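Here is a set of short exercises to work through with the model on your screen. Try each task yourself before you read its solution.

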Amino acid sequence: MSRTVFCVKLDHEAEGLAYAPWPGELGKRIYASVSRQAWQQWLAHQTMLINEHRLNPLDAATRSFIATEMENYFFGEGSVKPPGYTPE
């Protein structure tokens, strides 16, 4: 049986994640209050950020940037799209 959470992004009860998707306190917060559906939306947004900013996920500065954007996306005012970004 899957677990449910009250998703902070979607603002309703939904299926939760199977494990914490990020290390540390941020990962614990996401596990406790983000649904699978919202996490999938974040992954698409994260991919766009990496591509548009031409980031290297192996770089520590990139991981820090992604963590900040992830926190803003789920628990803050939202993650902003890069300047000049136009969806396909």
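Helices (H or I, at least four residues) and strands (E, at least two) are DSSP runs, numbered from the N terminus. The model is predicted, so local features need pLDDT of at least 70, side-chain atom pairs count only at pLDDT 80 or more, and totals for chains, interfaces and linings use all residues. Residues are numbered from 1 along each chain as its sequence is written, and side-chain values use heavy atoms, with hydrogens and water left out.

**Exercise 1. The segment after helix 3**

Task: Find K81 and E77, and work out how exposed each of them is.

Solution: Start with K81, which sits in the segment after helix 3. Its relative accessibility is 49%, so K81 counts as partly exposed (buried is under 20% relative accessible area, exposed is over 50%, partly exposed is in between, with a 1.4 Å probe and protein chains only). Next, look for contacts, meaning heavy atoms within 4.5 Å. Not counting residues up to four places away in sequence, K81 touches H45 and M48. Then try a longer reach: K81 and P23 are 58 residues apart along the chain, and their C-alpha atoms are separated by 24 Å.

Now go to E77, also found in the segment after helix 3. With 84% relative accessibility, E77 counts as exposed. Its C-alpha atom is separated by 15 Å from that of D11, 66 residues apart along the chain.

**Exercise 2. Two faces of a helix**

Task: Sort out which residues of helix 1 are buried and which are exposed.

Solution: Helix 1 covers residues 24-33, and L26, G27, I30 and S33 are its buried ones. Look down the helix axis: these buried residues fall within an arc of 155°, so they line one face of helix 1. That arc is taken from the directions from the helix axis to the C-beta atoms. Turn to the other side and you meet E25 and K28, which are exposed.

What lies over the buried face? The cover includes strand 1 (4-7), helix 2 (36-53) and helix 3 (60-75).

Finish by zooming in on S33 in helix 1. Its relative accessibility is 14%, so S33 counts as buried. Leaving aside neighbours within four places in sequence, S33 is in contact with V5, F6, C7, V8 and F75.

**Exercise 3. The nonpolar core**

Task: Find which members of the largest nonpolar core touch the most other members.

Solution: First, the term: a nonpolar core is a set of buried Ala, Val, Leu, Ile, Met, Phe, Trp, Tyr and Cys residues joined through side-chain atoms within 4.5 Å. The largest one here has 16 residues, and I30, V34, W39, W42, M70 and F74 touch the most other members. Two or more residues come from each of helix 1, helix 2 and helix 3. Helix 2 gives the most, with six residues.

Now pick V34 and list its partners, again not counting residues up to four places away in sequence. You should get V5, C7, V8, G16, L17, W39, F74 and F75.

**Exercise 4. How the helices cross**

Task: Describe how helix 3 packs against helix 2 and against helix 1.

Solution: Two packed helices are described by the angle between their axes and the distance between the axes. Axes are lines fitted to C-alpha atoms, for helices over the stretch in contact, and angles run from 0 to 180 degrees between N-to-C directions.

Take helix 2 and helix 3: the angle is about 140° and the axes are 11 Å apart. These two are therefore oblique to each other (under 35 degrees is roughly parallel, over 145 roughly antiparallel, 65 to 115 roughly perpendicular, and the rest oblique). The contact includes W39, W42 and L49 of helix 2 and M70, Y73 and F74 of helix 3.

For helix 1 and helix 3, the angle is about 30° and the axes are 11 Å apart. That makes helix 1 roughly parallel to helix 3. Here L26, R29, I30 and S33 in helix 1 meet A67, M70, E71, F74 and F75 in helix 3.

**Exercise 5. Positive phi**

Task: Check phi for D11 and R54.

Solution: D11 lies in the loop between strand 1 and strand 2 (12-15), and its phi is near 60°, a positive value in a residue other than glycine. D11 counts as exposed at 56% relative accessibility. R54 is in the loop between helix 2 and helix 3, with phi near 50°, also positive in a residue other than glycine. R54 is exposed, with a relative accessible area of 72%.
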